[in-house]
Amino acid sequence: MRDSRKKGGGDMTGVMVLADDLSGAAEVAGIVLERTTNLELSLSGVDGLGAAGRLSATVGIVDLDTRSRSTAEAGTRLSAALDAVPTGTRVVVKIDSLLRGHVAATVDVLARRGRVVVAAGHPGLGRVVRDGVLFVNHVPLHRSSVWNAEPGHPPATVRDVVGTAPSVAVPDVTGDRDLDDVVASVADDPDAVLVGSGALAAAVVRTLPAVDAAADTTTHGSSRDVLTVVGTASVGARDQVARLAEDGVPVVSVDAAAIVAGRASTAELESVLARGSAVLTVSGPLDPSASGRLVAALGQFVARVVAGRSVDLALTGGETARAVVDALGITTLRPVGRVHYGAVVLRAPDGRRVVTRPGSFGDRHSLSAIHAHLAGLPVGTVSQS
C-alpha cells in the first residue's frame, strides 16, 4: 500500500491523470485546456511533473503507454506511476470507453491499494452504463461490432472486466450528472481512485477553478503540409478517409504485412508529400495478435518519411500516435488547442504540431477538420498544389 498519500478531505493539491495511450492522454488535455492552461503532459512518467512532492501544474497527465503491452508490464507501469504520485493528489486513471486494453489488470492493481470507483462509459459519445451493462448507441457492448478488430470477445457487463472486489464500485453512468455525483462521492477521500473515460476526467476538471482557459482551441494554425496517419481499423475511420479524399488529399495505402516485414517502400508517400498533404492508411489482412508489431513498424515507417521534413501530423489511434512520436524521438508534447472533442493539438519541441485522436472518435468530417486546422485552410478546401 502506497503510504505517501495522506488521508483528509480538502487537502487535494492537484489532479494526476494516468492514461493507457497517447490519444487518451491528449483527449484529457483537450478537456483541461477548456478550464486552464496550467497543465503538463508527460510521455516519460510521473517524476517529471513535479518537485518536492508536489505537482508543478494544476493537472498532470501521463501517457503510461500500456495499451499494446503485456498485462504484467501494464500492471508494473501503473504501480510505479502510483508510487510516484505526490501526496494529496487526486488520481484519475483514464481507460478506454469501450473497455478495451488492460482494464482488468488496472483495476486489480488499484483494488489492492484501496477504494476504486469505475465509472465506465462516455455519455456524450452514446456510451452509457445501465444496470452494469455498457451500451454503445443503445446496443449492449457484447452485441455490438465495435470490438471487431480486438482479440477476444467483449464483456457482457462491466463487472465481468473489473471483478467483484468489495473495494470496487461500478455505478451506472447515463449522463454527466451521474459523473458529477461520482466525483462528489469521493471528495472527502483523497485516497480513492477514479477510473473511467475522458468524460469522467471532464467531471473532475469541472471542479477546478477556471483561471486561464485556452483561447486558441478553434483557430487555424499557420499553413503547413499535413500527413494524416490512420492507425485504426474502425469503419468510421474509413469513411473519414473517404471524406478527406473528397477534399483532394491523396490517400496512400501500404500493405500491413509489408510494413511488419520491413519491406514497405516509402517512395510513393514521399512523392506525394513533396507536392502537399497526404493520408497514409494500412491495407491487407493481419492477425490481430500481430497488431503490436504492426504499430511499432508503422511508427518507424512514418518516421523515415517525415524526419527532416516540415510536415505536421494528424495521428488517429493512441497506439499509432505513440509509436510515431517515439520513432521521431519526441519526448515531450505541449497541449496548445483542440480541433474538436478528442482531437487535440500538441506542439513538439521542434515546432511540429501533432494532432492525436482516438480511433473511434469523430464524425465523417473529423479528419477533414483536423487537416484544415493544421493546413490553415477552410474545411473542404483542396490543399494540393
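Three exercises on helix packing and nonpolar cores follow, based on a predicted model.

**Exercise 1.** Classify the packing of helix H10 (residues 291-306) against helix H11 (residues 318-327).

*Solution.*
- Start with the axes: they come within 8 Å and cross at roughly 45 degrees.
- Therefore H10 is oblique to H11.
- Next, the handedness: H10 passes H11 in a right-handed crossing.
- Then list the contact. H10 supplies Val295, Ala296, Leu298, Gly299, Gln300, Val302 and Ala303, while H11 supplies Glu319, Thr320, Ala323, Val324 and Ala327.
- Sort these residues by class: 8 are nonpolar, 3 polar and 1 charged.

**Exercise 2.** Do the same for H1 and helix H6 (residues 198-205).

*Solution.*
- The two axes come within 9 Å and cross at roughly 30 degrees.
- Angles under 35 degrees count as roughly parallel, so H1 is roughly parallel to H6.
- The crossing of H1 past H6 is right-handed.
- On H1, the contact uses Glu27, Val28, Ile31 and Val32; on H6, it uses Gly198, Ala201, Ala202 and Val205.
- By class, that gives 6 nonpolar, 1 polar and 1 charged residues.

**Exercise 3.** Describe the largest nonpolar core and find which helix gives the largest share of it.

*Solution.*
- Count first: this core has 66 residues.
- Pick out the residues with the most contacts inside it: Ile61, Leu194, Leu227, Leu269, Leu280 and Val302.
- Helix H1 (residues 22-33) gives the largest share, 8 residues.
- Now inspect Leu227. Beyond its neighbours within four places in sequence, its contacts include Leu269, Leu280 and Val302.
- Finally, a separate core of 35 residues lies apart, with Leu78, Ala81, Ile95 and Leu99 among them.

Definitions and conventions
Residues numbered from 1 in each chain as written. Predicted model: local features only at pLDDT ≥ 70, side-chain atom pairs only at ≥ 80, totals over all residues. Heavy atoms only, no water. Axes fitted to C-alpha atoms, helices over the stretch in contact; angles between N-to-C directions. Helix = DSSP H or I, 4+ residues; strand = E, 2+ residues; numbered from the N terminus. Parallel < 35°, antiparallel > 145°, perpendicular 65-115°, else oblique. Left-handed = near helix turned anticlockwise from the far one by under 90°. Contact = heavy atoms within 4.5 Å. Nonpolar A, V, L, I, M, F, W, Y, C, P; charged D, E, K, R; others polar. Core = buried A, V, L, I, M, F, W, Y, C linked by side-chain atoms within 4.5 Å. Buried < 20%, exposed > 50% of the residue type's maximum accessible area, 1.4 Å probe, protein only.
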